[in-house]
Amino acid sequence: MRTSTTSIRRARPADADRLADLFDETWREAYRGIITGVALERMISQRSSQWWLGATQRSRPLVVVEQEGSIVGYAIYGPARGRMLQAPGEIDELYIRPTYQGLGLGRRLFRAVCNYLGDHGLTRVGVCALEGNERACTFYTGLGGTAIGQAVDRMAGTVLSKVGFRFD
């Protein structure tokens, strides 16, 4: 019998290329039909390996889910960057490679991030999902998140509506 090893760890500079590939794949899957093709391509192109290299060296935590040596998910999080979520902690991004979704890895990553934030006094956590991303909205609701409001965000010259979820 073979067992698989899954770990959640801080991202390292050597992960930059794999994170860029993961970002490309997850964003294409999550936002096809929600973000127009040109805008989506522009957003993806802004997250090159060089961008991810810098992200691994910033103070905002970036963690990866690694399974059998492959990076299959990531999360970026920290203190809230604004007031919309009405929470001191925020998950900026949380993505799992499409072929690994439905295995509990997203839930495991979410809990690990919330535990880290809670250990640092940020017990109330917020996260946003793009309106129309039913998979993400269902995921956060299923984890006990309460939809607390809507806002708009500008990305790559495109105005996008988002829904905020809070976890107490």
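The expected span of a helix is 1.5 Å times one less than its number of residues. Keep that rule at hand for the opening stop of this tour. Residues are numbered from 1 along each chain as its sequence is written. The model is predicted, so local features need pLDDT of at least 70 and side-chain atom pairs count only at pLDDT 80 or more, while totals for chains, interfaces and linings use all residues, and side-chain values use heavy atoms, with hydrogens and water left out.

**Stop one: helix H1**

Select residues 16–31, which form helix H1. Helices here are DSSP runs of H or I with at least four residues, strands are runs of E with at least two, and both are numbered from the N terminus. For the 16 residues of H1, 1.5 Å a residue predicts a span of 22 Å, and the end C-alpha atoms are indeed 22 Å apart, so the two agree.

Now colour the buried residues of H1: Ala16, Leu19, Ala20, Leu22, Phe23, Thr26, Trp27, Ala30 and Tyr31. Because they cover an arc of only 165 degrees around the axis, they sit on the same side of H1. Buried means under 20% relative accessible area, exposed means over 50%, and partly exposed lies in between (1.4 Å probe, protein chains only). The arc is taken from the directions that lead from the helix axis to the C-beta atoms. An α-helix has 3.6 residues a turn, so residues three or four places apart point the same way.

Step just past the helix to Gly33, which follows H1 and has a positive phi, near 90 degrees.

**Stop two: where H1 meets H3**

Add helix H3, residues 49–57, to the view. H1 and H3 pack at an angle of about 115 degrees, with their axes 8 Å apart. The axes are lines fitted to C-alpha atoms, for helices over the stretch in contact, and angles run from 0 to 180 degrees between N-to-C directions. Which residues make the contact? From H1 come Ala16, Asp17, Leu19, Ala20 and Phe23, and from H3 come Ser49, Trp52, Leu53 and Thr56. Contact means heavy atoms within 4.5 Å. The residues of this contact divide into 6 nonpolar, 2 polar and 1 charged.

**Stop three: helix H2**

Select residues 37–45 for helix H2, where Ala39, Leu40, Met43 and Ile44 are buried. Looking down the axis of H2, these buried residues fall within an arc of 135 degrees, so they line one face of the helix. The face turned away from that side carries the exposed residues Val38 and Ser45. The buried residues of H2 pack against H1, S6 and S7.

**Stop four: Ile76 in strand S3**

Ile76 lies in strand S3 and is buried, with a relative accessible area of 9%. Show its surroundings: Ile76 touches Trp51, Trp52, Arg60, Pro61, Leu62, Ile91, Asp92 and Glu93, not counting residues up to four places away in sequence. For a C-alpha distance, try Ile76 to Val64: they are 12 residues apart in sequence and 9.0 Å apart in space.

**Stop five: two loop residues**

Glu68 lies in the loop between strand S2 (62–67) and strand S3 (70–79), and Gln86 is in the loop between S3 and S4. Glu68 has a positive phi of about 50 degrees although it is not a glycine, and Gln86 likewise has a positive phi of about 50 degrees without being a glycine. Most residues other than glycine have a negative phi. Glu68 is partly exposed at 42% relative accessible area, and Gln86 is partly exposed at 47%.

**Stop six: Ile148 in strand S6**

From Gln86, move to Ile148, since Gln86 is among the residues that Ile148 touches. Ile148 is in strand S6, residues 146–155, and counts as partly exposed at 22% relative accessibility. Its other contacts beyond four places in sequence include Met84, Leu85 and Phe165. Ile148 and Leu85 are 63 residues apart in sequence and 7.2 Å apart in space, C-alpha to C-alpha.

**Stop seven: helix H5**

Finish at residues 134–142, helix H5, whose buried residues are Ala136, Cys137 and Tyr140. They fall within an arc of 100 degrees seen down the axis of H5, so they line one face of the helix. What packs against the buried residues of H5? Strand S4 (89–96), helix H4 (105–119), strand S5 (125–130) and strand S7 (158–167) do. On the other side of H5, Glu134, Arg135, Thr138 and Gly142 are exposed. Just after H5, Gly144 takes a positive phi of about 100 degrees.

Terms used: Nonpolar A, V, L, I, M, F, W, Y, C, P; charged D, E, K, R; others polar.
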